[in-house]
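Work through the exercises below with the sequence and the structure open. Try each task before reading its solution.

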Amino acid sequence: VPISHGEGRFIAPESVLRQLADNGQIATQYVDLEGAPSMDAAFNPNGAMWAIEGVTSPDGRGQDGPQRAHRPRPLPERARKL
């Protein structure tokens, strides 16, 4: 499974986490084998708070996250000519 966490560990004040949850903006989370959000390093490699891997904006647009693992990006024009 591709993991892109680097500096992307999700950290926020508890009030923001609650607001994201209340607004349905938590899009993806690191989960254990039973599908429960997990803080275990075996499932949540960067220790993201509330095991959050990806969120959406208030209007529902996705933020950077798992889409990079399966959605190829077009090459820049310069690279296509090589």
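**Exercise 1. Secondary structure**

Task: State how many helices and strands the chain has, and in which pattern they follow along the sequence.

Solution: The model is a predicted one. Step 1: counting the elements gives 3 helices and 2 strands. Step 2: reading along the sequence gives the pattern α-β-β-α-α.

**Exercise 2. Burial and surface**

Task: Find what share of the residues is buried, and what share of the exposed area comes from carbon and sulfur atoms.

Solution: Step 1: the chain has 82 residues, and 20% of them are buried. Step 2: the exposed area of the chain is about 6300 Å², with 54% supplied by carbon and sulfur atoms. Step 3: for contacts, take pairs of residues at least 6 apart in sequence; 47% of these contacts join residues at least 24 apart.

**Exercise 3. Salt bridges**

Task: Locate the salt bridges and decide for each partner whether it is buried, partly exposed or exposed.

Solution: Step 1: the count is 2 salt bridges. Step 2: one of them pairs E14 with R18, where the closest N and O atoms are 3.6 Å apart. A salt bridge requires such atoms within 4 Å, so this pair qualifies. Step 3: both residues belong to helix α1 (residues 14–22) and are 4 residues apart, about one turn of the helix. Step 4: partly exposed lies between the 20% and 50% limits. E14 is partly exposed because its relative accessible area is 37%, and R18 is partly exposed because its value is 48%. Step 5: D59 forms a salt bridge with R61, at 3.3 Å between the closest N and O atoms. Both D59 and R61 are exposed.

**Exercise 4. A residue in a loop**

Task: Is S38 buried or exposed, and which residues does S38 touch, leaving out those up to four places away in sequence?

Solution: Step 1: S38 sits in the loop between β1 (26–29) and β2 (52–55). Step 2: S38 has a relative accessible area of 9%, under the 20% limit, and therefore counts as buried. Step 3: with residues up to four places away left out, S38 touches Y30, V31, D32, F43, N44 and A51.

**Exercise 5. The nonpolar core**

Task: List the residues of the largest nonpolar core and name the elements that each supply at least two of them.

Solution: Step 1: the largest nonpolar core consists of 5 residues, namely A12, L17, L20, I52 and V55. Step 2: α1 and β2 each supply at least two residues of this core. Step 3: leaving out residues up to four places away in sequence, A12 touches L17 and M49.

Terms used:
Residues numbered from 1 in each chain as written. Predicted model: local features only at pLDDT ≥ 70, side-chain atom pairs only at ≥ 80, totals over all residues. Heavy atoms only, no water. Buried < 20%, exposed > 50% of the residue type's maximum accessible area, 1.4 Å probe, protein only. Contact = heavy atoms within 4.5 Å. Areas by Shrake-Rupley, 256 points an atom, 1.4 Å probe, with all protein chains shown as cover. Salt bridge = Lys/Arg side-chain N within 4 Å of Asp/Glu carboxyl O. Core = buried A, V, L, I, M, F, W, Y, C linked by side-chain atoms within 4.5 Å.
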